[in-house]
Amino acid sequence: MSHLFSSLRIRLLLLVLLAVIPALGLILYSGLERRHEAALDAQGEALRLVRHASLDQERMIQGAVQLLTAIAQLPAIRERNKSEVPEFLHRLLQQHPFYANIGIIGPDGNVLYSALPFSTPLNYADSPCFKKALETRELVIGEYQIGRISRKAEVPLVYPVFDRAGRLQVMVYTALDLTWLSNLAAKIALPPGATLAIIDRQGTFLVRHPEPEKWVGKTIPEIERVKEVLAKEEGTAEALGIDGNVRLYAFTPLKGMPEGLFMRVGLLKKDVFARANQVLTRNLMALGLVVVMALVAAWLFGSLLIMRGINVLVTSTRRLAEGDLSVCTGLGQGEGEIDQLARAFDQMVAALEQREAERRQAEAELEKVLHERGLILNSAGEGIWGLDRSGKVTFVNKAALEISGYEAQELIGHNIHQLLHFSKADGSPHPQEDCQIYASLVNGETRRVSEDWFWHKDGECFPVEYVSTAIKEGGQVTGAVVVFRDISARRQAEEELQQAKDFLENTFDNSADVIAIVDKKGRFIKWNKAAEKAYGYSFQELKGIRAFDLYADNIELKKMLDQLRREGLVRRYEINMKTKDGHIVPFALSINYLYDRNNEIIGSICVARDRSDIKAAMNELNTLNDQLRAEIQERQQVGQALKEANEKLQGLVEDAQQRTRDITLLNELGDLLQACQDRQEAYAAVAQYAGQLFPDRTGSLFVLNASQNLLEAVAGWGESPSGEQVFSPDDCWAFRRGEVHRVAGSQTGLLCKHIPTPSVADHICIPMMAQGETIGMIHLQSSLCRLENVPQEALGYRTDSKDRLALTLAKQVSLALASLSLRESLRAQAIRDPLTNLFNRRYMEESLEREVARVKRRGVSLGVIMVDLDHFKKFNDTFGHKAGDAMLVALAALLKNHIRLEDIACRYGGEELLVILPETSLEITTQRAEKLREQISQLKVEFLGQTLGLTTASLGVAAFPQHGLDGEELIRAADAALYRAKRGGRNRVVVAQDLKTHRNAGQPQPGLEAKTKTAKAR
């Protein structure tokens, strides 16, 4: 021991330690004073925070009272306007998120309206808050509770609304969401680790921030100590928290809330003393650092200066040997040998470090180039192969793998011709020497092929176009690059375009109206069959004839053209025209300009209708009027003796005028029927105009139902008709005979079974014929007592006139209904799949975009299910394509029988079907898909007396907005899920990946075009 203290370096260390002891005592005393001041400051700050929070709660209560008072005065609330109140409450709750709910309660306690949805009826008649408001007839603030609708911690406020008679109309209620405490904590800048809570006098937590779900409902330990503290009403205290941490608490009662609720702020005691402890620790560490530095300096003072330099060099050399190129000796300032050695060592290390940095930079640039090349090739939409001189694959991108169905390891190193190009589309061999890809490897030329066939891994061929470019190095061919594209979608689009063109041509040629298209010089471009029949010219005979040459009246033609140039169109313009044989025929023309993409006029389209029948009727009417006027003139010369004849003549004139009005109404009805979009509009038009045509008669329009076994009344006019409104066609004599059946009272003819017996009215039943078939019947009846004072001659004349008018009406209505049936049939063909009668793909795309836009506005979900039969190719090969069609028809019928009216079932393509489920969540959509899968697996279909057996299906499910924000993304997501179901073993339901995962994947999903190659193999 004495030998140890005899050392000078040890004695220096002891002196340093003795000098530090006074400084250590001063630092400890200063630390204790700082802790005491920190505790006082923290208690004052906590009390300020809890008062601020309590004041904010009081303002919120006052705001809620004002809001309920304002809502109660709204007329829509007092009148219970069902069209306005729900939407108003929902918007109000969105504007005031610190309320848990806002609603209206009826006098019986039932919840009438709520800003939040509720699935089952709720009644608050047993609520203490409801009872108290009913007794006091004033606004009531209730006790803390868990809301029945919001499922949140809340304080209810109820305001009763009474009418002028003092009767309770409704109660307006809201609920303060006590989770506002989290927002309040951020607003008042609550220190980290602090707590903000609402408790009752029993010490139970009603609300707590943070972690409300962990502590709400629990009681504070040491409840007696808590009650003593709360008895002070407001103050501070130090206590052990429910989470086991000691805190400094400040508390105050909540104003405007039910009595017995307190707000409390707790600050961690360790956080309060953290600053003082930190200063004490820093001072002690600084003192320790000074002591250590002094000890080190004393120790080094006795060391040999030469050893320091040698030790530094040895240490630096070891670090360099271990690969540390950042080492530096820090010596070399003097001129001695050690300093020179240190300088040379540092220069050597700097040179090595520079070379290492240059090497790493070169490797990084090379890696970046390779990465960018890979990204470019893998991002290309076309498939790309790299081939060596022998035709073996050296590189393949993602698009080529997806199109061909192979994995990269299945292609790399293999001859591409033997894998994908070995056979032609008809199955005949395709020798390698005839392959254009191989030819580019032989002669080094670029070969472009617009249409060829490759073979998929599953054994199906698909059409492609490709470019094969030789790679040359030093003038020698070293390989080739093949860029190809699947053109299945293009070929399908060309076929659909041709079908649409054929449909339009057929509609044009078979239209009942005359349709002609001319260029801007009046030369004919198209001319349909109705035009050939009306004018007598074939389209070939129109060469050299302009449209203007067919008009008989040039002055009227000029007026019509002026109107066309001025307004851009002409509607039902009546003008005389010449036929091939020279006849002058009146036509009603409708003309529209045709424009090109630059909005330049390139011609016009004209629709014409022969008005000869109407003109003849008008001429007949004019002739009759002339005869009547002549007769009137003759009768006026006879004098007073012929007064009765004059009165009869006056009646005839009135009938003639009535006939003129009837013809006008018939013309208006005809035009209106041509403009009707569906049968219901046509029925309404017939009822309106028939009431004007037969003001003294009661009538009904009967139409055969879809089953052709009942006549149903679809329109009526006049007084309530007598007789059956639905009856069998055999109950009507007119319908059975196909002729008009008239009965003047029950004693003058055979009564139809649909007419009640006895009958005191005139009856007439007129069958409606269209295209040789009876499609319905018009029934008219008039009471005989109405005609007692009418002379028999006039009565007979008027009856015959009205019967003829009824016949004309029946013909016009039957033609209009037949035309509507044809248009409805054409529209159904345009949107329906002809095999399955499901909606086609075009209608599906339009409907999906419309439904997505609608659910976006309403903030709800939408589901999509894609269905694909498993092993359908094998099924067709086994039973034949007609049996496959029968299976698809049965599957479509199953879908239609198991979906809602608002759901949309479509044929997406091949054996793939798509179901759109508006306002359906992802969970419900998945359940529906699973149920469909089970029903399909149990489906039995008989074809030609043979049971086809059971089949299975794979289903992909996607939902808005989880898997897509528009229709295209949803279909792509469902399609990808369907593919995963196929790859996972079939006969299963797979849900699509969420939108974020789907987009981050960075690669296209297989669509219908890519899957049609494997459809039969499924």
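Okay, let's start with confidence: in this chain, helix H31, residues 1008-1011, has the lowest, with a mean pLDDT of 40, while strand E33, residues 953-960, has the highest, at 93. And yes, this is a predicted model, so keep those scores in mind. Averaged over the chain, pLDDT comes out at 76, and 74% of the residues score at least 70.

Then there are the weak stretches. Residues 1001-1018 sit below 50, and in the model that stretch has 54 contacts beyond near neighbours in sequence. Another one is residues 784-797: pLDDT stays under 50 there too, and the model has 14 contacts for it beyond four places in sequence.

Right, on to a sheet. In what order do its five strands run? Going across, you get E18-E17-E21-E20-E19. The sheet is open, and the pairing is antiparallel. At the edges you'll find strand E18, 524-527, and strand E19, 569-578, each pairing on one side only. On average, neighbouring strands here are turned by 25° against each other, if you ignore direction.

Let's zoom in on one pair. Strand E17, residues 514-519, and strand E21, residues 601-610, are joined by six bridges, in the antiparallel sense. If you want a spot to click on, valine 514 stands opposite alanine 608 in E21.

And what packs on this sheet? That's helix H19, residues 554-567. Helix H19 touches E19 and also strand E20, which covers 584-595. As for how the helix lies, its direction makes about 160° with that of E19.

Methods:
Residues are numbered from 1 along each chain as its sequence is written. This is a predicted model: local features need pLDDT of at least 70, side-chain atom pairs count only at pLDDT 80 or more; totals for chains, interfaces and linings use all residues. Side-chain values use heavy atoms; hydrogens and water are left out. pLDDT is the predictor's confidence in each residue, from 0 to 100. Helices (H or I, at least four residues) and strands (E, at least two) are DSSP runs, numbered from the N terminus. Contact means heavy atoms within 4.5 Å. Two strands pair if DSSP finds at least two bridges between them. Axes are lines fitted to C-alpha atoms, for helices over the stretch in contact, and angles run from 0 to 180 degrees between N-to-C directions.
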